[in-house]
Amino acid sequence: MFPIEDFTGVVTPFYYYDIKLLRETLTAINDCLAERPAYRVHYALKANANGAILDEIADAGLGADCVSGGEVRAALDAGIPADKVVFAGVGKTEAEIRLGLENGIACFNVESLPELEVINELAGDMGKKAPVAFRVNPDIDAHTHKYITTGTSENKFGIPLTQIEEVVAAAQGMDNVEIKGLHFHIGSQLLDMTPYAMLAETINRMLDEWEAKGISFKTINVGGGLGIDYDDPDGHPIPDFEGYFKVFDAIKLRDGQELHFELGRAVVAQFGSLITRVTYVKQGVNRKFAIVDAGFTDLIRPALYQAHHNIENLTAPADAPVEKYDVVGPICESTDCFARDEKLREVKRGDLLALRSAGAYGQIMASRYNLREIPASFYDLPGESKLTSKI
Ligand code: LLP
């Protein structure tokens, strides 16, 4: 499936993006949405904000979920209309809030009372009314990696259920905010739908309670988090969006109410691979190392979350013997290891390896540690191919 002949002469490591697969993924999402007119998907830019990718997202009509002024700007630059841009994050600065207000974004997902007060003040100064949703921490354990669980009371995200009434009441008393909705996000890389079913139940209960108090919300935003199959990217190149959306069909939406989603990984993970060249094969005492020219500066997920990305030898002939390798990078840290005991067709110096499912939280999390270069992007566009280093 990889156009290896096109890789000749390209400086490694680099990210290879299969735009055809991205388009198919976006079509799969839109097919589900076509049957659910009240549902809207805002792509979470944090997963990958390359310009060429945002153009595809904009063309598919998705909105944008942003967590910084930089992301708000990138979404608008890509042509995503401001009324489809939402802005979340626990630490929005004044400059970032002003940027959102100036551009008339759809919603600020507010994570605390002090933040709400600042938004109200700044909107007042600018003669505007800020649309706000309250990010609720529903205390649901998504049972995902502890670094990417966000919906339990142990972490910094959202307003605790016990404080939400107080914050909504405060907003009602403010002149420069307009209450739009409720926002939730319980974690990332969820493959079990049970936590989502629990979230849907919690939301139904909350909607009844708020309705009894005479408060209604135009939007309910359930965040993102749908996982992908890192073990079998070819078997499951497109996540089961239908199964995912179906869980949320249990939410009893009121007339005119919209259900919003913020998918990141599920949209872009599978269409990206990190392509790296083997610099040396080294025989240790008990282990064989494939030393590659990519490191955790290019793809930090294995080092940071003990994540595993499938690895393939693109150069070895199909009938080459399979052996076990520790695939490691050149960075002077022992966490710079992509996989231990990875089964690969016999690896030789100069071979190209693909680290699969790297389209999300790959290139965007790259750093220049050790003064390494940020990897370039190679887009495989149906009908043409071109190299860009847009980041
Ligand atoms: N909405 C909010 C409020 C979020 O915090 C996140 C992700 C998303 C949406 C998108 O989640 P997704 O659909 O992509 O799971 N770097 C980590 C993942 C961090 C996710 C942070 N928040 C990783 O590589 O696994």
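This report covers strand pairing around one hairpin and the state of two cysteines.

The model is predicted: local features need pLDDT of at least 70, side-chain atom pairs count only at pLDDT 80 or more, and totals for chains, interfaces and linings use all residues. Residues are numbered from 1 along each chain as its sequence is written, and side-chain values use heavy atoms, with hydrogens and water left out.

Strands here are DSSP runs of E with at least two residues, numbered from the N terminus. Two of them pair if DSSP finds at least two bridges between them. Strand 12 (residues 288-292) pairs with strand 11 (residues 272-283) in the antiparallel sense, over 5 bridges. The connection from strand 11 to strand 12 is a hairpin of 4 residues. Strand 12 also runs parallel to strand 14 (residues 322-328), joined to strand 14 by 3 bridges. Ile 291 in strand 12 stands opposite Tyr 280, and Ile 291 also stands opposite Val 328 in strand 14.

A disulfide is counted when a pair of cysteine sulfur atoms lies within 2.5 Å. The count under this rule is 0 disulfides. Why do Cys 66 and Cys 107 form no bond? The closest cysteine sulfur to that of Cys 66 is in Cys 107, 12 Å away, which is too far for a bond. Buried means under 20% relative accessible area, exposed over 50%, and partly exposed in between, with a 1.4 Å probe and protein chains only. The table lists both cysteines by this scale.

| Cysteine | Relative accessible area | Class |
|---|---|---|
| Cys 66 | 0% | buried |
| Cys 107 | 7% | buried |
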